[in-house]
Amino acid sequence: MTFAVALLVMLLARQRAVGLLKDLPLAMLRGMVQIVIVGAVLAIMLHARQWTSVLALIAMMLAASSIVRRRVRKIPSSFSLALISICAGAGTILAIMVSVGVIPWTISMLVPVGSMVIANTMNTQSLFLERLHGEVIAHTGEIESALALGAAPETALLPYLRAAFRACLIPSVDNIRSLGIVWIPGIMAGMVLSGEPPLFAAFYQFVVLTMIFSSSALACLVASQQVPQRIFSTQQQLLLRG
């Protein structure tokens, strides 16, 4: 039923979202198969050794980087760009949270919470790079004029990096701002349904959302440091074209 409703909505909006209607059925089918497989893998992992959770998170980061690469194919070496950024963002935040005990070192907690952080970091990374690509293509003349006047590539690119950075973090900020007023996130609902005290569930949900924001922002910061080296030549020529 939800599949049919999603298709109907995209059918109504097909003139505004060209190409998405074709991608949606495959994406939903793929998502359903993947989540069923993940459920089966998690059921097996619950009886495995703790270190296997690290392997699972590494596999998620590789898959997330591959998905980002497909969104921004025109940015040179986009897979390695996304992988370094996601590992730096999600990997660092998860390592800190596990080391201070915020996330228990158990498969049943680390893998689900880690997957939420990695998935949201992936989405933010896609938004950041896609927006930056659009900004650069739309302002190629301005960037090349700045380079011709002697500006460094980082300086010529700075206004568009700022625009992309701000745009990609708006959803995360809005999620934190609307927490408990507009929506009750899934992890909190799940903890309450499983018998945890509502106040503890609410606090933990806030912690998870702030982890997601920190991971996303750190990943974009790392990506913004790498992008100039990938879209400008050593002769300071803009390589990225539409």
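## A loop residue and its distant neighbour

Ala 48 is partly exposed, with a relative accessible area of 34%, and its place is in the loop between helix H2 (20-45) and H3. The model described here is a predicted one. In this model Ala 48 and Ile 107 are 59 residues apart in sequence, yet their C-alpha atoms are 8.5 Å apart in space.

## Helix H3

Helix H3 covers residues 52-71, and its 20 residues should span 28 Å at 1.5 Å a residue, a value that agrees with the 29 Å between its end C-alpha atoms. The buried residues of this helix are Thr 52, Ser 53, Ala 56, Leu 57, Met 61, Ala 64, Ser 65, Ser 66 and Val 68, a list in which Thr and Ser stand beside Ala, Leu, Met and Val.

## The largest nonpolar core

The largest nonpolar core has 48 residues, and those that touch the most other members are Phe 128, Leu 132, Ile 143, Leu 157, Met 211 and Ile 231. At least two residues of this core come from each of H3, helix H4 (78-99), H5, helix H6 (140-148), H7 and H9, and H9 gives the most, with 12 residues.

Met 211, which is among the core members with the most contacts to other members, touches Ile 93, Met 97, Ile 103, Val 113 and Val 117 when residues up to four places away in sequence are not counted.

## Aromatic pairs

The structure holds 2 aromatic pairs. In one of them, Phe 128 and Phe 165 are arranged edge-to-face, with 6.1 Å from centre to centre and 80 degrees between the planes. Phe 128 lies in helix H5 and Phe 165 in helix H7, so this pair ties together parts that are 37 residues apart in sequence. The two partners differ in their surroundings, since Phe 128 counts as buried at 0% relative accessibility, whereas Phe 165 is partly exposed, with a relative accessible area of 23%.

Phe 200 and Tyr 204 form an aromatic pair that is tilted, again with 6.1 Å from centre to centre but with 35 degrees between the planes. These two residues are 4 residues apart in helix H9, and are thus separated by about one helical turn. Here too the accessibility of the partners can be set side by side: Phe 200 counts as partly exposed at 41% relative accessibility, while Tyr 204 counts as buried at 7%.

## Salt bridges

Side chains of opposite charge can pair when their charged atoms come close. The structure holds 2 salt bridges. In one, the side chains of Arg 131 and Glu 135 meet with 2.9 Å between N and O, and both residues lie in helix H5 (residues 107-138), where they are 4 residues apart, about one turn of the helix. Arg 131 is partly exposed, with a relative accessible area of 37%, whereas Glu 135 is buried, with a relative accessible area of 13%.

The side chains of Arg 177 and Asp 174 also meet in a salt bridge, with 3.1 Å between N and O. Both of these residues lie in helix H7 (residues 153-177), 3 residues apart, which is again about one turn of the helix. Arg 177 counts as exposed at 60% relative accessibility, and its partner Asp 174 is partly exposed, with a relative accessible area of 34%.

## Two buried polar residues

Ser 224 lies in helix H9 (residues 198-231) and is buried, with a relative accessible area of 12%. A polar atom of its side chain lies 2.7 Å from the backbone oxygen of Leu 221. Not counting residues up to four places away in sequence, Ser 224 touches Phe 128 and Leu 161; Phe 128 has already appeared as a partner in the edge-to-face aromatic pair and as one of the core residues that touch the most other members.

Thr 140 is found in helix H6, and with a relative accessible area of 16% this residue is buried as well. Leaving aside neighbours within four places in sequence, Thr 140 is in contact with Leu 238 and Arg 241.

Definitions and conventions: Residues are numbered from 1 along each chain as its sequence is written. This is a predicted model: local features need pLDDT of at least 70, side-chain atom pairs count only at pLDDT 80 or more; totals for chains, interfaces and linings use all residues. Side-chain values use heavy atoms; hydrogens and water are left out. A salt bridge is a side-chain nitrogen of Lys or Arg within 4 Å of a carboxyl oxygen of Asp or Glu. Buried means under 20% relative accessible area, exposed over 50%, partly exposed in between (1.4 Å probe, protein chains only). A polar contact is a pair of N or O atoms within 3.5 Å; within protein, one must be able to donate a hydrogen and the other to accept it, and residues adjacent in sequence count only if both atoms are side-chain atoms. Contact means heavy atoms within 4.5 Å. The expected span of a helix is 1.5 Å times one less than its number of residues. Rings of Phe, Tyr and Trp (its six-membered ring) pair if their centres lie within 6.5 Å; planes under 30 degrees apart count as stacked, over 60 as edge-to-face and the rest as tilted. A nonpolar core is a set of buried Ala, Val, Leu, Ile, Met, Phe, Trp, Tyr and Cys residues joined through side-chain atoms within 4.5 Å.
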